[in-house]
Amino acid sequence: MDDHNLEEFRRRWQEELAQAQAQRKRRRPEVAPGRGEQASGYLALAQGLLEGAGRPPVARATRAEKQDAASPSRSPPAREGAGGGEQLQEQLVDQLIRDLNEMDDVPFFDIQLPYELAINIFQYLDRRELGRCAQVSKTWKVIAEDEVLWYRLCQQEGHLPQSSISDYSCWKLIFQECRAKEHMLRTNWKNRKGAVSELEHIPDAVLCDVHSHDGVVIAGYTSGDVRVWDTRTWDYVAPLLESEYEEDEPGMQPYVSFVRINSSLAVAAYEDGFLNIWDLRTGRYPIHRFEHDARIQALALSREDATVATASAFDVVMLYPNEEGFGQVAAEFEVQKLVDYLEIVPDTGRYPVAVAAAGDLVYLLKAEDSARTLHYVYGQPVTCLDVSAHQVAFGVKSLGWVYEGNKILVYSLEAERCLSKLGNALGDFTCVNLRDSPPHFMVSGNMDRRVRIHDLRMDKIALSLSAHQLGVSAVQMDDWKIVSGGEEGLVCVWDYRMNQKLWEVHSRHPVRHLSFNSHSLITANVPYERVVRNADLDSFTTHRRHRGLIHAYEFAVDQLAFQSPLPICRPSCDTAAGHNYDLALAFPHDHV
């Protein structure tokens, strides 16, 4: 180090030291014990550096000598030669830089910041950032492991949403257990591990319609029977819901057209226009019974409350319980065409709201208002419909001289205007799922064999999968997978991040209903024909071929789901080993 460079280093170091001392005095008037001695040590190091270079000592030599006397280990030894002097200079410079860095790394929470304010700052960190902060110091570890922070993380990620902070003593441990369970469930989904059960059928009857909600399944049959299963308790002995038809007319009960269920109610519509409503908490007999003049063409039940909507002939009726709990007509609307699809909008508050599709018309039905036309294009009928709290999505079929391709339209329910026009497919859109999809995404199925993920933010198709040979009949997605059902009877599970099919299951009839959550899957194969064949031979094989099937899959148990000969699985047993490779390498997004 020549004289010019040494002089420049000395000048800059003194300026930086003066600035650091001034800032430290402004932040904290009282200097902690040991800080003054450390500053004197810096001067001693500079003094030794200058002496090693052959320069005269700087001012404050007395304080440096005092520091050298107090800390002899940091005093520069006598030079033994030119090589030793250069090596000593490098060591002193490195020590000076290390001490300056240590002087700047002061934990600010140890000084004046209140604990409550520190918690408010840390609440914006995720689990990884909290783990890193816990390794900084003991003070930061106490803050980063506060119960409020980990309880809030559990709520944000959907773990134990109904719990309060006082239910558990260590929310960090609860969060880790929930994460481990979630990882286990995802692995079981991908490896086809779990248990599958075929729900018991009714003799001499064909399955007509199936619906499920939170693991509770309802099914209607051609015999007029309605059966309910609770798959959450693994008790598959399903009770029959009585319909209150005359007992002196056996075998004359009409078919069940539609069934719907939520957490408290079960609803069934019959071919003769009758509607039965059961309260699942009270018993097997209906609490309400309504009669329509014509056949019921569409039925809807709210997931959150007891609102029921029916469409018969050219009338749409919305039923809602009064203060005494008895069902009453909340609103009645008249439409121009027969209703094909009917859905109730969730989270609408006091007055129920429904959306109905009738031919090429889409109506917005509010209980306190008259029917309003949301969409109408002559000659373009609606082929599917789904709603969320603020939007409605439906597929339209393009006909006429000007062919624009079949599309899915997304409307805003508040503004009552079109937000997006998605897709340009040759086939008809047969199903769309907006309510259960992640935010800003939507999944649809088409007769052109493809399953599509739509990005509502960019109005484009994010992913297109060739799924089913005869067209897609049902579809649902979450944050990483898609479950689709086809007209040929296949149920397929996809990891759409990897654009890869995980596994598939085949049955004889089309898939008319599927619903899944993190740990279970409900599928229903409903036949086209509602005619009982070989009624005298009520065997399992006969029922399987002609009367429909309902399967319940549970992935929260560590058991192979497909060890039994039923259901028939594809690929065959010879190629199933191809799915047993190390999935941690194939799916890198799942590392915890």
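## The open sheet

In what order do the 4 strands of the open sheet come, and is the pairing parallel or antiparallel? In this predicted model, the order runs β2-β3-β4-β5, and the pairing is antiparallel. At the edges you'll find β2 (207–213) and β5 (240–241); each has a single partner strand, so one side of each goes without a neighbour in the sheet.

Let's zoom in on β2 and its partner. Strand β3 covers residues 216–221, and 6 bridges join β2 to β3, with the two running antiparallel. If you want a pair of residues to look at there, take Asp209, whose bridge partner in β3 is Gly220.

## β28 and its two partners

Next up is strand β28, residues 490–495. How many of its 6 residues are buried? The count is 6 of 6, so to speak a mostly covered strand by definition of buried as under 20% relative accessible area. Look at the faces and you get the matching picture: Leu490, Cys492 and Trp494 are buried on one side, while Val491, Val493 and Asp495 are buried on the other. Both faces of β28 are covered, then.

β28 pairs with strand β27 (residues 481–486) in the antiparallel sense, over 5 bridges. Within that pairing, Gly485 stands opposite Val491 of β28. The two strands make a hairpin with 3 residues between them, and Gly489 in the turn has a positive phi of about 100°.

Strand β29 (residues 500–506) is also an antiparallel partner of β28, this time over 6 bridges. Here the bridge partner of Val493 is Trp503 in β29. Another hairpin results: β28 and β29 have 4 residues between them, and Asn499 in that turn has a positive phi, of about 55°.

## Ser302 in its loop

Now for a single residue. Ser302 sits in the loop between β10 (296–301) and β11 (308–312). Is Ser302 buried or exposed? Its relative accessibility is 5%, and the cut-off for buried is under 20%, so Ser302 counts as buried.

What does the side chain of Ser302 make a polar contact with? The partner is the side chain of Asp305, at 3.0 Å. Setting aside neighbours within four places in sequence, Ser302 is in contact with Asn262, Thr307 and Ile344.

Conventions. Residues are numbered from 1 along each chain as its sequence is written. This is a predicted model: local features need pLDDT of at least 70, side-chain atom pairs count only at pLDDT 80 or more; totals for chains, interfaces and linings use all residues. Side-chain values use heavy atoms; hydrogens and water are left out. Buried means under 20% relative accessible area, exposed over 50%, partly exposed in between (1.4 Å probe, protein chains only). A polar contact is a pair of N or O atoms within 3.5 Å; within protein, one must be able to donate a hydrogen and the other to accept it, and residues adjacent in sequence count only if both atoms are side-chain atoms. Contact means heavy atoms within 4.5 Å. Two strands pair if DSSP finds at least two bridges between them.
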